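Please read the following explanation alongside the sequence and the coordinates, moving from one region to the next as the text does.

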Amino acid sequence: MTPRRIAGVIGAGLLLLGALVWVLRQEEQPVVGGVPDDVRGTRTVELFLPGPDGDLVRETREIVGGDFLEADVRRAVEELIAGGEAGIRPVPPSTRLKNVFHDGEGGITLNFSEHLRSDHPGGSEAENATLRSLVTTVGVNFPGVDRVLVLIDGEMVSTLAGHADLSKPLNVQDYR
Amino acid sequence: MKPGARAGLRRALLLGVLFAAAVAPSFAEDVRELTARVRSPEEPRPRPLASYRIDGVDYLRLNDVAQLFRSTKYWRAELEKMVLKAGERRVRVTVGSPFVFVDDDGYQLVAPARWLDGDIVVPVDFATEVMDGVVPESVSWDRDRRVLHLDTGEPNVLAVAYDVRSNGTVAEISLAVPLGGELEFPRPDRVELRIPGGVLQHRLIGEHSAVGLLESVTAAQQPGYASLTFRLGPAGGAAELLTRGSPPRLLVAVSEALGSDDIPLPDFERRAADGEGPRDVRVVVLDPGHGGSDPGVTSASGLAEKEITLGIARKAKEQLERLEGMEVHLTRTGDRFLSAEKRAELANSVHPDVVVSIHCNGWFDSNLRGFSVGVPRAGEPSVDPELPRWGTRTPRSRRDTETLAEILLQRMGEVLPIPSRGVRTAPFAMIEATRSPVVHIECGFLTNRSDASYLVDPDFQTTVANAIVDGIGEYRRVLAGGEGGR
């Protein structure tokens with residue numbers, strides 16, 4: 001066997017070995033529950049935003065999804081704050097979603113900055129649209145959630161614009 | 001031809017044959033894009049859903065399936081593998097393979113997942129066989145109609161309300177969808193209503209006090225049906241089940257134990273619905289919205305909603321007293337703040353026949369305009385002591401509310417120069433805590449320039465007040481003629 005041939009055989013052998021290692025390494029990936037915790041995927045959420053005639057319309061958004069319900073709810077609500085195609089923002093754009101809490105029993109608490117109330121235009125139609133947008137978006141995309149409590153600066157408030165009762169959690173079923 | 005050139009030609013021919021063999025099947029495939037729909041109880045109308053029929057197999061886009069089941073998608077490009085995380089379960093789909101894995105369990109689809117126009121598509125059995133076991137919904141596919149059915153298991157038995165009459169008590173069970181029921185009599189003092197397919201609203205579950213001939217109701221969720229067991233008081237004896245549609249309801253009519261088989265249930269139910277003949281409207285509560293530290297919506301000219309509503313209420317009060325001789329109460333007579341609960345408490349304390357809450361509307365931009373009449377949500381869970389804000393409105397009171405709302409809308413439409421937005425559901429604390437027939441009037445949008453120019457005009461306010469007075473007067477005459485309730 002000439003040295004050239006020997007080199008060729010060794011080269012081919014190395015190539016095969018490399019391919020084998022590559023395949024085995026792929027199989028070594030955790031197959032069950034194979035998504036490492038630090039890898040975040042995406043998910044589509046449906047936002048319920050006020051349309052030009054006042055009724056809610058659906059829009060979809062792709063958001064980063066993770067292992068924590070609170071984080072996913074936050075991303076969905078932040079999309080809602082960013083507004084929709086009709087240009088109507090049910091939550092005043094100055095509003096910041098400060099915290100999201102999940103009580104583990106179907107209750108989500110959304111703690112907003114004071115701007116939710118102070119920059120809201122008022123009126124029952126706008127107030128109802130704001131609450132319906134929030135409750136429906138959370139309720140539809142996160143089925144384990146059946147109640148949404150709205151806080152402002154960490155405090156429970158009696159109302160947003162003088163009509164709806166915010167002193168108790170809003171029932172998702174009531175807003176569908 | 002040189003030997004080298006011949007070898008090159010052979011290689012080119014061989015590559016050509018291999019390429020043709022690779023692409024030929026895709027040309028031979030029968031790929032048809034078809035419109036499917038997805039139907040679930042929470043959606044009144046089915047939504048369109050992209051679907052494909054490839055060589056006789058129905059496919060859906062994997063992205064659509066992930067969205068339908070609220071899954072987070074993890075894409076591993078090197079393996080062409082999509083992982084869907086639905087709740088705590090992980091579902092792995094590999095392009096080109098018919099095998100999918102749900103955590104440890106493997107499933108074989110009727111055909112492999114594959115690419116189609118840049119999307120991964122999966123056979124429909126991925127939704128009906130694989131995801132069906134992963135998500136709470138029950139999933140099925142109607143191949144002929146191309147409808148993907150999702151049964152979400154959402155509550156469909158929503159609320160119980162009561163109507164106490166002189167000769168009995170009616171328990172009205174509000175449903176989300178039409179359902180049948182069966183009455184059982186497990187004990188002499190018990191009536192059990194079984195609703196096959198019924199899923200109880202969570203807050204109904206447990207024992208609640210009732211009224212009239214019914215001492216209490218115990219609601220329990222059983223596999224396949226919802227159960228409502230009514231405990232009868234000493235006077236309650238006979239019961240009958242009646243089914244009503246639009247909105248779907250079940251009525252359990254309980255009459256006194258007469259020791260007779262001749263129980264006038266149809267007449268009983270008819271009178272419960274019709275309001276037992278002529279009635280009068282003597283006491284009216286007008287609620288001028290907002291006040292004090294809560295100005296409501298403010299117009300561009302600086303006039304606040306609280307001032308407009310008080311002006312309209314005062315004018316209407318004066319005319320109702322003068323023209324109709326009614327006893328009229330205002331929840332506030334000056335510029336002071338009152339919570340919704342306080343307003344309802346004040347209204348309920350005088351046992352009014354009619355309550356009208358007066359408001360001006362607002363919107364995020366200046367486009368919306370028009371007046372509307374709001375009514376409380378249907379299906380008040382009056383049996384739940386933890387939700388006092390919903391009041392204890394009876395079915396008759398709800399029908400009267402609808403009658404009043406339609407009359408007021410018509411009267412306002414006849415005289416106001418702004419468009420009507422119709423009768424709308426108004427889930428607001430004040431009117432939901434009010435027991436009497438009650439409406440929430442929005443006289444126009446202060447955020448709309450045209451509406452606002454009318455609303456700040458005292459003459460327009462007088463016209464609104466006149467329409468309210470005319471409407472309440474007509475409502476009175478309707479009730480006096482025994483036409484209340486529809």
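**A walk through chains A and B**

Glu137(B) has a relative accessible area of 6% and therefore counts as buried. This is a predicted model, and within it Glu137(B) sits in the loop that runs between α3 (125-130) and β11 (138-142) of chain B. Along the chain Glu137(B) and Glu154(B) are 17 residues apart, and their C-alpha atoms are separated by 9.1 Å.

The setting for this residue is chain B as a whole, which has ten helices and 27 strands. Of its 486 residues, 52% count as buried, and the accessible surface of the chain comes to about 21,400 Å², with 51% of that belonging to carbon and sulfur atoms. Among the contacts in chain B with a separation of 6 or more, 63% are accounted for by residues 24 or more positions apart.

Helix α5 of chain B, residues 305-324, offers a check on geometry: its 20 residues should span 28 Å at 1.5 Å a residue, and the end C-alpha atoms are 27 Å apart, which agrees. Its buried residues include Ile308(B), Leu310(B), Ile312(B), Ala313(B), Ala316(B) and Leu320(B), and charged residues such as Glu305(B), Lys306(B) and Glu324(B) are also among them. The buried residues of α5(B) pack against β22, β23 (327-330), β24 (354-361) and β27 (438-445), as well as against the helices α9 (449-455) and α10 (458-480) of chain B. After α5(B) comes Gly325(B), whose phi is positive, near 65°.

One of the strands just named, β22 (residues 283-288), holds Asp287(B). Asp287(B) counts as buried because its relative accessibility is 1%, and its side chain makes a polar contact of 2.6 Å with the side chain of Ser357(B). Beyond its neighbours within four places in sequence, Asp287(B) is in contact with residues including Thr331(B), Arg343(B), Val356(B), His359(B) and Met430(B).

Charged pairs come next. Side chains of opposite charge can pair when their charged atoms come close. The structure holds 40 salt bridges over all chains. In one of them, Asp58(B) is joined to Arg143(B), with the closest N and O atoms 3.2 Å apart. Asp58(B) lies in strand β3 (residues 57-61) and Arg143(B) in the loop between β11 and β12 (147-151), so this pair ties together parts of chain B that are 85 residues apart in sequence. Asp58(B) is buried, at a relative accessible area of 5%, whereas Arg143(B) is partly exposed at 41%.

Another salt bridge joins the side chains of Glu215(B) and Arg231(B), at 2.8 Å from N to O. Because Glu215(B) lies in strand β18 (residues 214-222) and Arg231(B) in strand β19 (residues 225-232) of chain B, the pair ties together parts that are 16 residues apart in sequence. Glu215(B) counts as partly exposed at 36% relative accessibility, and Arg231(B) is partly exposed with a relative accessible area of 28%. Arg187(B) and Asp189(B) also form a salt bridge, their closest N and O atoms being 3.5 Å apart.

Salt bridges also link residues of the two chains, in a network made of Asp55(A), Glu125(A), Arg421(B) and Arg424(B). On chain A, Ile6(A), Ile10(A), Leu14(A), Leu17(A), Leu20(A) and Val21(A) form a nonpolar surface patch with about 560 Å² of accessible area together. Leu20(A) lies in helix α1 (residues 3-28) of chain A and counts as partly exposed, at 49% relative accessibility. In an α-helix there are 3.6 residues a turn, so residues three or four places apart point the same way.

Terms used:
Residues are numbered from 1 along each chain as its sequence is written. Chains are lettered from A and ligands numbered from 1 in the order in which they are written. This is a predicted model: local features need pLDDT of at least 70, side-chain atom pairs count only at pLDDT 80 or more; totals for chains, interfaces and linings use all residues. Side-chain values use heavy atoms; hydrogens and water are left out. Patches are made of residues with over 30% relative accessible area and no salt bridge: like charges are joined within 9 Å, nonpolar side chains (Val, Leu, Ile, Met, Phe, Trp, Tyr) within 5 Å. Accessible areas come from the Shrake-Rupley method with a 1.4 Å probe; for residues, only the protein chains shown count as cover. A salt bridge is a side-chain nitrogen of Lys or Arg within 4 Å of a carboxyl oxygen of Asp or Glu. Helices (H or I, at least four residues) and strands (E, at least two) are DSSP runs, numbered from the N terminus. Buried means under 20% relative accessible area, exposed over 50%, partly exposed in between (1.4 Å probe, protein chains only). A polar contact is a pair of N or O atoms within 3.5 Å; within protein, one must be able to donate a hydrogen and the other to accept it, and residues adjacent in sequence count only if both atoms are side-chain atoms. Contact means heavy atoms within 4.5 Å. The expected span of a helix is 1.5 Å times one less than its number of residues.
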